[in-house]
Amino acid sequence: MSDFAGSVLHCLSAGRGSALVDLRQAIQWFKQDPCLPGLDDPYRVYAALREESAIHWCEGPNLWVIVAYQEAVEQLKDHRFSRQEHLDKLISRFGAGHIFDRQKNDLPYMDGTDHARMRHHVINAYRRIDFPSLKGFTKAFLDSRLESLSRQKQFDVVHEVADLLPVMVVSELLGVPADQQEQVGRKVGSFVRARGLTQTESTMERGDDSMAFYEEYFLPLIHEKRKKPSSDLLSRLIADPQEGVHLSDEQLLLIISSNFYSASIYTLRLLVGTLAWVMALNPDSFARIQDNRELVVPALEEVLRWDAPAQATNASVALEDIEIGGKLVKAGDSLSVLVGAANRDPKAFSDPDQFLIDRHPNPHLSFAPGLHQCLGLQIARMKGEAALHAFCDHFSSLSVIQSESQRFVGDRFRGFDRLMLDVFRR
């Protein structure tokens with residue numbers, strides 16, 4: 001958690017919930033930390049900012065933030081930006097020898113041909129995933145987990161379900177025992193925060209610590225798989241002889257920590273909690289989905305649009321002067337797309353603040369379509385759909401116990417650390 005996020009959380013805990021926060025104050029918070037971590041409803045702030053301009057300068061993280069849809073779409077496809085150069089700025093600021101040096105080999109921070117080649121390799125490995133089998137495994141786990149809670153009318157869905165689901169699925173994919181994965185998963189928060197928009201000495205140090213832990217834990221596994229490859233995804237990632245690709249230990253460590261832990265365990269944990277929260281907020285929609293399971297897919301897409309778990313993209317640097325929304329982004333300036341704000345742009349979505357499961361089309365930006373589109377989107381959608389089906393199978397209705405729930409506070413991500421449900425079972 002950044003120092004600023006901590007101060008916001010203190011204000012909210014002191015009784016200044018989002019409904020009471022003055023808009024002018026919230027805009028000042030935005031300039032320090034644009035994702036407004038911990039605020040129940042940041043979207044009214046983004047709407048006010050979007051009316052003023054499609055893009056804003058935030059002095060806290062020292063970067064531009066796009067809040068409008070069309071400008072966001074264009075930037076996500078723009079080759080005139082470099083994520084590597086943003087890392088160079090962080091290295092210059094914090095010094096060499098830290099996690100930012102290592103992130104130069106991390107797929108989300110690669111540029112150009114290196115990025116295209118690595119992305120192609122990972123996609124090839126993903127294509128060989130047995131999705132029907134993985135879907136069956138996911139459903140069986142969710143059914144078993146929810147049945148084990150059948151005697152509890154109230155429970156924390158984050159702790160009891162959302163924390164465990166992505167760990168179990170990643171275990172199945174990588175061939176790592178789930179009981180060991182839980183320990184590794186505890187380090188994911190520090191790694192993710194070292195990829196956030198607002199960086200401090202603290203986030204850097206914890207990021208260094210997380211990478212040291214991943215190295216200690218996964219290098220022996222990588223070496224074992226090199227000697228005795230199997231059919232699991234990690235073995236396929238190590239090398240593709242047909243493509244002439246052989247990844248180093250460092251590259252594999254970053255793919256594991258980035259694509260499986262930060263992109264899967266971290267964001268999926270938040271998505272599952274948000275799914276339960278949205279269904280509780282919209283009981284009529286939940287009832288419709290129960291009666292017509294064909295609505296599961298559009299409902300998930302609407303949840304992803306309405307309250308995305310990853311609210312902003314990794315920052316990049318303009319390689320030349322670029323005009324966006326009538327403002328000049330100078331060469332060397334850093335920039336991020338606030339997809340959570342763009343997903344509520346009325347120029348792209350009618351009634352953007354309404355949760356509408358019939359919304360069609362729904363071209364949300366939550367998987368960052370473009371040069372750095374999320375590679376795990378098919379897995380994310382499968383797990384999200386499985387969770388929503390499971391909620392429909394096991395609960396006739398559910399409600400949130402607000403007094404016992406707590407929002408997650410952490411840079412560019414939204415969701416819950418604790419979400420207490422009161423459920424009626426089918």
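Here is a walk through this structure, from its sheets to its cores and its charged pairs. Keep in mind that you're looking at a predicted model.

Let's start with the sheets. One of them is an open sheet of three strands, in the order S4-S14-S11, and the pairing is antiparallel. Strand S4 (154–156) and strand S11 (395–400) are at the edges with a single partner strand each, so each has one side left without a neighbour in the sheet. From one strand to the next, the twist averages 35°. If you look at how the strands are joined, S4 and strand S14 (residues 420–425) pair in the antiparallel sense over three bridges. Find Phe-155 and you'll see that its bridge partner in S14 is Leu-421. On the other side of the pairing list, S11 and S14 run antiparallel too, joined by five bridges. Here Leu-398 stands opposite Val-423 in S14.

There's also an open sheet of five strands, and its order is S1-S2-S10-S7-S3, with mixed pairing. Its edge strands are strand S1 (55–58) and strand S3 (81–82), and each of them pairs on one side only. Within this sheet, strand S7 (residues 316–318) and strand S10 (residues 334–337) pair in the antiparallel sense, with two bridges between them. One to look for is Val-317, whose bridge partner in S10 is Ser-334.

Now for the nonpolar residues. In soluble globular proteins, nonpolar side chains tend to be buried together. In this model, the largest nonpolar core has 91 residues, and the ones that touch the most other members are Val-157, Phe-260, Met-279, Ile-289, Leu-419 and Leu-421. Which helix gives the most to this core? That's helix H15 (residues 249–281), with 15 residues. Take Met-279 as a sample: leaving aside its neighbours within four places in sequence, Met-279 is in contact with Phe-286, Ile-289, Val-303, Phe-355, Leu-388 and Leu-398. You've already met Leu-398, the residue opposite Val-423 in the three-strand sheet. Apart from this core lies another one, of 20 residues, including Ala-26, Ile-27, Leu-49 and Val-67.

Val-303, one of the contacts of Met-279, is also one of the buried residues of helix H17. Is helix H17 (residues 296–306) mostly covered or mostly uncovered? Mostly covered: nine of its 11 residues are buried. The buried ones aren't just nonpolar names, either, since the list includes Glu-301, Glu-302 and Arg-305 alongside Val-296, Ala-299, Leu-300, Val-303, Leu-304 and Trp-306.

That brings us to charge. The model has 24 salt bridges. One of them joins Glu-320 and Arg-80, with the closest N and O atoms 3.8 Å apart. The two residues come from distant parts of the chain, 240 residues apart: Glu-320 is in the loop between S7 and strand S8 (322–324), while Arg-80 is in the loop between helix H4 (69–76) and S3. Glu-320 counts as partly exposed because its relative accessibility is 37%, and Arg-80 counts as partly exposed because its value is 34%. Together with Asp-78, these two residues are linked in a network of salt bridges.

Another pair is Arg-102 and Glu-215, whose side chains meet in a salt bridge of 3.3 Å, N to O. Arg-102 is in helix H6 (residues 99–102) and Glu-215 is in helix H13 (residues 201–227), so this pair ties together parts that are 113 residues apart in sequence. Glu-215 is partly exposed, at 32% relative accessibility.

A further salt bridge runs between Arg-288 and Asp-358, with the closest N and O atoms 2.9 Å apart. Arg-288 belongs to helix H16 (residues 283–291), and Asp-358 sits in the loop between helix H18 (339–342) and helix H19 (377–394), so you can see why this counts as a link between distant parts of the chain, 70 residues apart. Arg-288 is partly exposed, with a relative accessible area of 38%.

Finally, look at Asp-333, in the loop between strand S9 (327–329) and S10. What is the nearest side chain of opposite charge to Asp-333? It's Lys-89, 5.7 Å away, and Asp-333 is buried yet has no salt bridge. A salt bridge here needs the nitrogen and oxygen to be within 4 Å. Not counting residues up to four places away in sequence, Asp-333 touches Trp-64, Lys-89, Ser-316, Val-317 and Ala-318.

Technical notes
Residues are numbered from 1 along each chain as its sequence is written. This is a predicted model: local features need pLDDT of at least 70, side-chain atom pairs count only at pLDDT 80 or more; totals for chains, interfaces and linings use all residues. Side-chain values use heavy atoms; hydrogens and water are left out. Buried means under 20% relative accessible area, exposed over 50%, partly exposed in between (1.4 Å probe, protein chains only). Helices (H or I, at least four residues) and strands (E, at least two) are DSSP runs, numbered from the N terminus. Two strands pair if DSSP finds at least two bridges between them. A nonpolar core is a set of buried Ala, Val, Leu, Ile, Met, Phe, Trp, Tyr and Cys residues joined through side-chain atoms within 4.5 Å. Contact means heavy atoms within 4.5 Å. Axes are lines fitted to C-alpha atoms, for helices over the stretch in contact, and angles run from 0 to 180 degrees between N-to-C directions. Lys and Arg count as positive and Asp and Glu as negative; His and the chain ends are not counted.
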